[in-house]
Amino acid sequence: MAYSQTRALWAITKASFKAIFSQPSSIFFSFLFPIAFILVFGAFSERPADPFRVAISNTSDTSNVLYDSIRHNSLIEIVPYSDTARQFADLQKGQLSAIIDIQKVQHTDSAVFYKVHLLSSEAAGGNVYALMQALDYQALQIELNDAHKLQREYAFVPEIVPGKKYRQIDFILPGQIGFSILFATMFGIAFVFFNLREQLVLKRFYASPVKKINILIGIGTSRLFFQLINVIVLILFGHFFLKFTLINGALTFIEMLLMTLYMLFLLMGVGLIFSSIAKSDSSIPLLINMFGFPQILLSGVFFPISVFPQWLQHICQLLPLTPFNNALRKISFEGLHLYDCWREIGILGIWIIIVYAIVIKVMKWE
């Protein structure tokens, strides 16, 4: 019977096709990777523009039509404040477009008009002028709807106070630090411990009088110290060459390093988990990318999470890289200290407890 080239070709094709689907990494990067990009950037592009964040002055008149229209305007978000000092501090940081103060002015002829004072800061980047244009359009609509009014009823008076100049590097650099330590630490720890286990080095360590915790600390500390040097270089380069803000100087620098050490300790635990559950060194990159890739897109590394829908923002807040990035930005630009970042530290603390509880269960020495 003659050898069938057609059957051979079919057998090779079928075996090759099966081999593709036997590799999880090929499925991930061929299907899930593009789908994730589509979902994330689709949500980004379909979301309307961010509303103007404003505060209403405590002395403002709130019994007029303009105030009611502001409250129902989807392009304007009113942020409530009980503390005027905090309100003004947020204004100087650029977290508010303006503080609005509407005052009724009585003319001698019994006519009434309103003076709308818009207090903004240099940190808002000129948002007050776009806001004033939107408010003026609203006021014009109100006046046109009232047929007997023959003159303008609202006058807008902008005022700019000094504020902290916010540069793009102040957002980008903390995100890049998170990006760098996320992958470098997990790859370093996972591959090092996996290779030590496969080469029976960990087994020999385990059989020696050296305590297990000292083995982990010794190897882990060297990796963490290397990553810390990388972070120091990034911060100093950004500060001296790109004018990255270290608002309290050396104190801010030290607090950023302490926050980084905290995050590195968490990532070391994740690396230990992956090194223990991986069946081969080729599966380690897949595990790391499955953990790290969503955080690169959803944790405010390249753009703020406010660009996402509200439901997705809640998920973003739970990812460990999000509180880390937020804490670094608060410390470096806003001048907060570690004890002010208790929420971010608490979220990372919960992650550390969960991660090391898993490490205790899955850690393998041989």
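At what angle do helix α6 (residues 168-198) and helix α9 (residues 250-277) pack? The angle is about 40 degrees, and their axes are 8 Å apart.

## The model overall

This is a predicted model, in which local features need pLDDT of at least 70 and side-chain atom pairs count only at pLDDT 80 or more, while totals for chains, interfaces and linings use all residues. Residues are numbered from 1 along each chain as its sequence is written, and side-chain values use heavy atoms, leaving out hydrogens and water.

The protein has 13 helices and 5 strands; these are DSSP runs numbered from the N terminus, with helices being H or I of at least four residues and strands E of at least two. Of its 366 residues, 42% are buried. Here buried means under 20% relative accessible area, exposed means over 50%, and partly exposed is in between, with a 1.4 Å probe and protein chains only. If you take the contacts between residues at least 6 apart in sequence, 74% of them join residues at least 24 apart, where a contact means heavy atoms within 4.5 Å.

## α6 against α9

Two packed helices are described by the angle between their axes and the distance between the axes. The axes are lines fitted to C-alpha atoms, for helices over the stretch in contact, and angles run from 0 to 180 degrees between N-to-C directions.

Back to the opening pair: α6 and α9 pack at about 40 degrees, which makes α6 oblique to α9. The cut-offs are under 35 degrees for roughly parallel, over 145 for roughly antiparallel, 65 to 115 for roughly perpendicular, and oblique for the rest. The α6/α9 crossing is right-handed, meaning that the near helix is turned clockwise from the far one by less than a right angle (anticlockwise would be left-handed). On the α6 side, the contact residues include I177, I181, M186 and R197; α9 brings in, among others, M256, L264, G271 and F274. By class, this contact has 16 nonpolar, 5 polar and 1 charged residues. For those classes, Ala, Val, Leu, Ile, Met, Phe, Trp, Tyr, Cys and Pro count as nonpolar, Asp, Glu, Lys and Arg as charged, and the others, Gly among them, as polar.

## α6 against α10

Helix α10 (residues 284-298) also packs on α6: their axes come within 11 Å and cross at roughly 165 degrees. That makes α6 roughly antiparallel to α10, and this crossing is right-handed. From α6, the contact uses residues including F179, F183, F187 and F191, while α10 offers I284, P285 and I288 among its contact residues. The class split is 14 nonpolar, 3 polar and no charged.

α6 also holds S180, which touches Q227, N230 and L234, not counting residues up to four places away in sequence. S180 and L234 are 54 residues apart in sequence and 9.8 Å apart in space, C-alpha to C-alpha.

## Two serines and a lysine

S60 sits in the loop between β1 (52-56) and α3 (65-71), and is buried at a relative accessible area of 11%. A polar atom of the S60 side chain lies 3.0 Å from the backbone nitrogen of I102. Leaving aside residues up to four places away in sequence, S60 touches I100, D101, I102 and Q103. S69, in helix α3, is buried too, at 18%, and touches Q138 and I142 with that sequence exclusion applied.

K243 belongs to the loop between α8 (212-242) and α9, and is exposed, with a relative accessible area of 56%. Its phi is near 60 degrees, a positive value in a residue other than glycine. Most residues other than glycine have a negative phi.

Conventions
A polar contact is a pair of N or O atoms within 3.5 Å; within protein, one must be able to donate a hydrogen and the other to accept it, and residues adjacent in sequence count only if both atoms are side-chain atoms.
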